[in-house]
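I opened the model today to look up a few residues and their surroundings, and I note below what I found.

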Amino acid sequence: MPTYLTSDSELWFNLQGYLDEQFIQLEELQDDANPNFVEEVVRVFYNDSARLIRNIEMAMGKNPMDFGKLDDVMHQFKGSCSGIGAKKVKRECTRFQDYCKEEDPEGCMGAFQAVKQEHATLKGKLDAYFQLTRQC
Amino acid sequence: MVMAAAESQFHVLAVDDSIIDRKLIERLLKTSSYRVTTVDSGSKALEFLGLLGEEDHGNPNQPCICTNHSQEVAVNLVITDYCMPGMTGYDLLKRIKESSSLRNIPVVIMSSENVPSRISRCLQEGAEEFFLKPVRLSDLNKLKTHMMKSKCKNHQMPENLEDPERPEESTATSSPSAETSEFQSPQSQPQLKQQQQQQQSQANNSNNNKRKAVEEGPSPDRARPRYSNDLTVVSN
């Protein structure tokens, strides 16, 4: 089955740093019987993570912040990121969780912005990637 | 490893509250030629296994559902996430192992966190394996042996699998939920041995990447013999 992320491709160069080995594993699970598996998983990821981001936003709005709850939701979100190999987003999730443990509201807010930023950036890259691979 | 064309298909029940993880584990299991059912909670898993109606002290809001499900739906293995709201994977494991009808079903735990005490607790409670997420296809290679072992147990066959094609019967100690209407391949015995050997070498290899956080320590007192991993655990 075709893997578009070969080490010499431009695509890989572009996505490198954003995605890890898990994404390659997903590609390897794609076959003629399941030709759109990766795209489906990514779609499910973005739908589900939008929900989790909303949950985090609501919890962040509470005063005082419920760091335990925030950590829990972020844990779920991080798990999803892990499933698709979203390396950079995951890293920001961990930073957020560190601030939760320190019970640092400003730290959390900054880290949450970074999570959302990386999340959106990755979406752009993946959208471009799927568009390109659909043309092949 | 060559499968006989008529080899029965194993049925795996996958439990995870994360929709992504359910999608992933389903694909992995189907790629490994298993039949898969996914549920999003421990209580739904018990319901599917036909257990929820028997003793329901878990959740007062859950309606008591008594089904004959366990008679019709054979489950050869349960693979469950550890961290779930309500009933954790560990709780589910306990319920299964405490049930006279289900205790022979092998249970595998998955977790995104590498916590040695968690791993040892699960293994001590009777989990066959503990997989770190994200689960890989190669991890699932370990499952077949557990499922075949439990199939043998449930047909009250001796360990050497003398009569693999004997028609299936329900016996006093067998677990009805592990029975299937498919017959066992006559190649089961050599495959089992082969798998055990593969298991050992895989276990040795996987020790490095899956168990790296676990330090050597005194072996816990385990009720179930385990050949798939020589995991020893730090006591906390």
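I began with Leu29(B), which, leaving aside neighbours within four places in sequence, is in contact (heavy atoms within 4.5 Å) with Val12(B), Ala14(B), Tyr34(B), Val36(B), Ile79(B), Leu140(B) and Leu143(B). This is a predicted model, in which local features need pLDDT of at least 70 and side-chain atom pairs count only at pLDDT 80 or more, while totals for chains, interfaces and linings use all residues. Residues are numbered from 1 along each chain as its sequence is written, chains are lettered from A and ligands numbered from 1 in the order in which they are written, and side-chain values use heavy atoms, with hydrogens and water left out.

I then looked up the largest nonpolar core (buried Ala, Val, Leu, Ile, Met, Phe, Trp, Tyr and Cys residues joined through side-chain atoms within 4.5 Å), and it has 59 residues, with Phe96(A), Leu126(A), Leu29(B) and Ile79(B) having the most contacts inside it. Helix H3 (residues 37–61) of chain A gives this core its largest share, twelve residues; helices (H or I, at least four residues) and strands (E, at least two) are DSSP runs, numbered from the N terminus.

Next I turned to Asp81(B), where UniProt, in an unreviewed entry, places the feature "modified residue: 4-aspartylphosphate"; such positions are given in the numbering used here, feature names are shortened, and annotations may be inferred rather than shown by experiment. Asp81(B) lies in strand E3 (residues 77–81) of chain B, and it counts as buried because its relative accessible area is 6%, buried meaning under 20%, exposed over 50% and partly exposed in between (1.4 Å probe, protein chains only). Not counting residues up to four places away in sequence, Asp81(B) touches residues including Asp16(B), Asp17(B) and Lys133(B).
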